[in-house]
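Here is a short briefing on one chain. Please look over the structure first, then read the points by topic.

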Amino acid sequence: MLGFSRRSPKKASKNSLEIFDQYEQAKPAHQNAVDALQGWNCAFPPALKLTAGKLPLYADDRIAWALQTFGSIKGKAVLEVGPLEGMHTHMLNGQRPARIDSIEANRLCFLRCLITKQILNIDTAAFMLGDIQAWLTEHEEVYDFALASGVLYHMPDPGEFLRLLAKRCNAVFIWTHFVLEEAMPADDVRRLPFSGKVETKMINDIPVRYYERSYHHANANASFCGGMKDRHFWMHRDDILTLLREFGFNEITIRDEDLSHPGGPSFSLLARKAPANT
């Protein structure tokens with residue numbers, strides 16, 4: 001089931017015939033498209049007067065900071081990982097890049113992105129449904145700028161994702177949760193989704209700690225926007241930074257660090273590869 005909204009059946013009268021459920025009877029409007037899909041997380045800009053989710057990601061200050069810190073993306077090639085419902089894409093589109101390749105694996109989120117694209121006239125983006133790791137493995141282009149907000153901590157192999165991503169972009173903005181023992185002690189309720197198992201994986205001969213975690217059936221909800229597999233791993237804060245430097249991102253700017261975030265410690269950063277000497 002894709003989660004399309006269903007309307008209450010109407011009884012047929014002597015003078016009318018029942019209209020099939022898959023058809024919209026109301027006057028054409030953007031709200032009809034929004035209502036056709038359940039589980040919206042994001043709000044639309046207030047001026048549009050649309051009812052969807054609650055998150056105002058169309059004006060996310062993290063993305064505004066990333067674009068200001070990176071510099072102009074006008075005319076540049078951009079990769080967006082996990083666009084959710086296209087609101088960050090809307091912000092990128094406003095800066096007039098040459099192209100945005102926006103990869104989403106969640107089918108419902110992908111369909112919501114298409115609705116957002118139509119409503120907000122996102123004309124530089126191509127939304128594609130599928131696994132980002134397959135795209136990074138098989139697609140040879142190197143992007144000027146990549147956006148990976150809210151995706152790293154959902155990955156079943158986050159270190160390998162960073163390795164692949166680093167091969168395909170010269171700069172990346174990341175917002176992610178991470179593990180930091182002193183910020184999240186053993187009795188912290190934010191540890192409840194963790195199994196307690198910690199694996200060590202070698203990435204480029206660097207030992208990286210993987211902290212096993214589960215969604216505990218949250219994926220049954222239409223608004224679920226986590227990873228593709230229930231078994232996923234968070235990385236230690238220090239390991240994230242170590243890998244980024246190992247992969248050539250020698251300019252790392254951390255915008256903020258929220259150790260008390262209700263979901264777990266988090267930070268946002270812009271990592272950039274210094275231009276090669278000529």
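A residue counts as buried when its relative accessible area is under 20%, as exposed when it is over 50%, and as partly exposed in between. By that cut-off, helix α2 (residues 61-70) has these buried residues: Arg62, Ile63, Trp65, Ala66, Leu67 and Phe70. The model is a predicted one. Its chain has 278 residues, 47% of them buried.

**Overall make-up**

- The chain's secondary structure consists of seven helices and ten strands.
- About 14600 Å² of the chain is exposed, and carbon and sulfur atoms supply 53% of that area.
- Take the contacts between residues at least 6 apart in sequence: 66% of them join residues at least 24 apart.

**Helix α2 and its surroundings**

- The buried residues of α2 pack against one helix, α3 (87-93), and against strands β4, β5, β9 and β10.
- Gly71 follows just after α2 and has a positive phi of about 110 degrees.

**Strand β10 and its partners**

- Why is strand β10 (residues 266-272) largely enclosed by the rest of the structure? Six of its seven residues are buried, so the rest of the structure largely encloses β10.
- Strand β5 (residues 171-177) runs antiparallel to β10, and seven bridges join the two.
- Within β5 and β10, Trp175 sits opposite Ser268 of β10.
- Strand β9 (residues 251-258) also pairs with β10 in the antiparallel sense, over seven bridges.
- Here Thr253 faces Leu270 of β10.
- Both β9 and β10 are also among the elements that the buried residues of α2 pack against.

**The β6-β7-β8 sheet**

- Three strands make an open, antiparallel sheet in the order β6-β7-β8.
- Its edge strands are β6 (194-203) and β8, each pairing on one side only.
- On average, neighbouring strands of this sheet are turned by 40 degrees against each other, direction ignored.
- Four bridges hold the antiparallel pairing of β7 and β8.
- Tyr210 stands opposite Met235 of β8.
- Helix α6 (residues 158-167) packs on the sheet and touches β6, β7 and β8. The direction of α6 makes about 70 degrees with that of β8.
- Helix α7 (residues 237-246) lies across β6, β7 and β8 too, and runs at about 135 degrees to β7.

**Salt bridges**

- How many salt bridges does a search of the whole structure find? The search finds 16.
- One of them joins the side chains of Arg99 and Glu141, at 2.5 Å from N to O.
- Arg99 lies in strand β2 (residues 99-104), while Glu141 lies in the loop between α5 (132-138) and β4 (145-149), so this pair ties together parts 42 residues apart in sequence.
- Arg99 is partly exposed at 30% relative accessible area. Glu141 is partly exposed at 25%.
- Another salt bridge pairs Arg231 with Glu212, whose closest N and O atoms are 2.4 Å apart.
- This pair links distant parts of the chain, 19 residues apart: Arg231 is in the loop between β7 (206-213) and β8 (232-235), and Glu212 is in strand β7.
- Is each partner buried or exposed, or in between? Arg231 has a relative accessible area of 43%, so this residue counts as partly exposed. Glu212 has a relative accessible area of 10%, so this residue counts as buried.
- The side chains of Asp256 and Arg255 also meet in a salt bridge, at 2.5 Å from N to O.
- Asp256 is partly exposed, with a relative accessible area of 29%. Arg255 is partly exposed as well, at 28%.
- Salt bridges with shared partners join Asp61, Arg255 and Asp256 into one network.

**Surface patch**

- Which residues make the nonpolar surface patch of about 360 Å²? They are Ile19, Phe20 and Tyr23.
- Tyr23 is placed in the segment before α1 (30-35).

How values were computed:
Residues numbered from 1 in each chain as written. Predicted model: local features only at pLDDT ≥ 70, side-chain atom pairs only at ≥ 80, totals over all residues. Heavy atoms only, no water. Salt bridge = Lys/Arg side-chain N within 4 Å of Asp/Glu carboxyl O. Buried < 20%, exposed > 50% of the residue type's maximum accessible area, 1.4 Å probe, protein only. Patch = residues over 30% accessible without salt bridge, like charges linked within 9 Å, V, L, I, M, F, W, Y side chains within 5 Å. Areas by Shrake-Rupley, 256 points an atom, 1.4 Å probe, with all protein chains shown as cover. Pairing = 2+ DSSP bridges. Contact = heavy atoms within 4.5 Å. Axes fitted to C-alpha atoms, helices over the stretch in contact; angles between N-to-C directions.
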